[in-house]
Amino acid sequence: MLSVIFRSTLPKYWRLQGPGQFALRAMSSSSSSSSGASSPFTSLVVTRPTESITHVELHRPEKRNAMNKAFWSEMVECFNEIAVDPDCRAVVVSGAGKMFTAGIDLMDMASNIMQPEGDDAARISWNVRRIISKYQETFSVIEKCPKPVVVAVHGACIGGGVDLITACDIRLCTQDAWFQVKEVDIGLAADVGTLQRLPKVIGSRSLVNELALTARKMYADEAKSSGLVSRVFPDKEAMMSAALDMAGEMAARSPVAVQGTKINLIYSRDHSVSESLDYIATWNMSMLQTQDVMKSAQASMEKKSPKTIAFSKL
């Protein structure tokens, strides 16, 4: 279980220090990505802008946040901890530096991808499949996390970046953002989520096919009109402010309601209407017995904001 150490005399900002622990440190929100404070991760910086919101920042700015070997395991560790952290109720993901991410760090990953172990075709193929499955979990873990995840994209979002953002629940971007399904340019079919999730995100199958088969860039206005992102902001500062506000709105609601809503939205995406109706009926036959329903109804009748309700941790 994740624990938080409080000091009332310091700003409430947390950094993930190790498995199961958040430790408080003094910093302003504007300096979170530039601090040299220690972190258990080498590719991520994890902070707490408020007690109930976790900010996960891709943090290899000198390498354009390219996804190296450490990244693929650190994202899994990070989101597995977030998933069971009762203090966290919403997550914001962003990138440090000049862009969101340049995608896979080919130089760092070449040995894994190009030189798999095995002494015949079957064993080499078996190990390649195992490696791909491991990489798929890096983004699937975001989708499996019951906490809603808002991703904030600025600058370029290339290759693996598209895999990442399509696993998130809400996507925001800056006016200078652009997106590219890059894999066909490097001789492979995208295999860690884009080809499976992007068609669920964008309504036009033709547009998805065009992006995936030509590797052309999609800019912010088209990303919004197609449904890839829901909002576009003039700059990163405005976007991050909105992302944290949005996370705060979700964190203020009943965690039973919010996390149940996310789980059922994903279920309904992958199942028929009748199956999804049956699933939510089974889900709510127990979840409706929460005290959160009465607390929320009472606040509504009294015309009070959900932010005034003290919901128990989940």
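Which residue in E9 is the bridge partner of Val-151? In this predicted model, that partner is Arg-171. The pair is a good place to start, as it leads straight into the strands around E9.

Strand E7, covering residues 149–153, runs parallel to E9, and four bridges join the two. E9 also pairs with strand E12 (residues 231–233), again in the parallel sense, this time over three bridges. If you would like a landmark for that second pairing, look for Cys-173, which stands opposite Val-232 in E12. Strand E9 itself, residues 170–174, is mostly covered, with four of its five residues buried.

From here we can turn to the nonpolar interior. In soluble globular proteins, nonpolar side chains tend to be buried together. The largest nonpolar core in this model has 49 residues, and those with the most contacts inside it are Phe-79, Val-93, Ile-142, Leu-164, Phe-179 and Leu-228. Helix H1, spanning residues 69–84, gives the most to this core, with six residues. Take Ile-142 as a viewpoint: leaving aside neighbours within four places in sequence, its contacts include Met-75, Phe-79, Leu-164 and Lys-262. A second, separate core has 15 residues, among them Ile-53, Val-150, Met-239 and Met-240.

Next comes another set of strands. Three of them form an open sheet in the order E8-E10-E11, with mixed pairing. Strand E8 (156–158) and strand E11 (218–219) are the edge strands, each pairing on one side only. E8 and E10 pair in the parallel sense over three bridges, and Ile-158 stands opposite Gln-180 in E10.

Follow the chain on from strand E10 (178–180) and you enter the loop that leads to helix H5 (194–201), where Leu-188 is found. Together with Leu-106 and Ile-186, Leu-188 makes a nonpolar surface patch of about 240 Å². Is Leu-188 buried, partly exposed or exposed? Its relative accessible area is 36%, so Leu-188 counts as partly exposed, because that class lies between the 20% limit for buried and the 50% limit for exposed.

Our last stop is Thr-42, in the loop between strand E3 (21–24) and strand E4 (44–50). Thr-42 has 58% relative accessibility and therefore counts as exposed. Even so, Thr-42 touches His-59, Arg-60, Ala-70 and Glu-74, not counting residues up to four places away in sequence. You can also check the spacing to Leu-58, which is 16 residues apart from Thr-42 along the chain: their C-alpha atoms are separated by 9.6 Å.

Key: Residues numbered from 1 in each chain as written. Predicted model: local features only at pLDDT ≥ 70, side-chain atom pairs only at ≥ 80, totals over all residues. Heavy atoms only, no water. Patch = residues over 30% accessible without salt bridge, like charges linked within 9 Å, V, L, I, M, F, W, Y side chains within 5 Å. Areas by Shrake-Rupley, 256 points an atom, 1.4 Å probe, with all protein chains shown as cover. Salt bridge = Lys/Arg side-chain N within 4 Å of Asp/Glu carboxyl O. Buried < 20%, exposed > 50% of the residue type's maximum accessible area, 1.4 Å probe, protein only. Pairing = 2+ DSSP bridges. Contact = heavy atoms within 4.5 Å. Core = buried A, V, L, I, M, F, W, Y, C linked by side-chain atoms within 4.5 Å.
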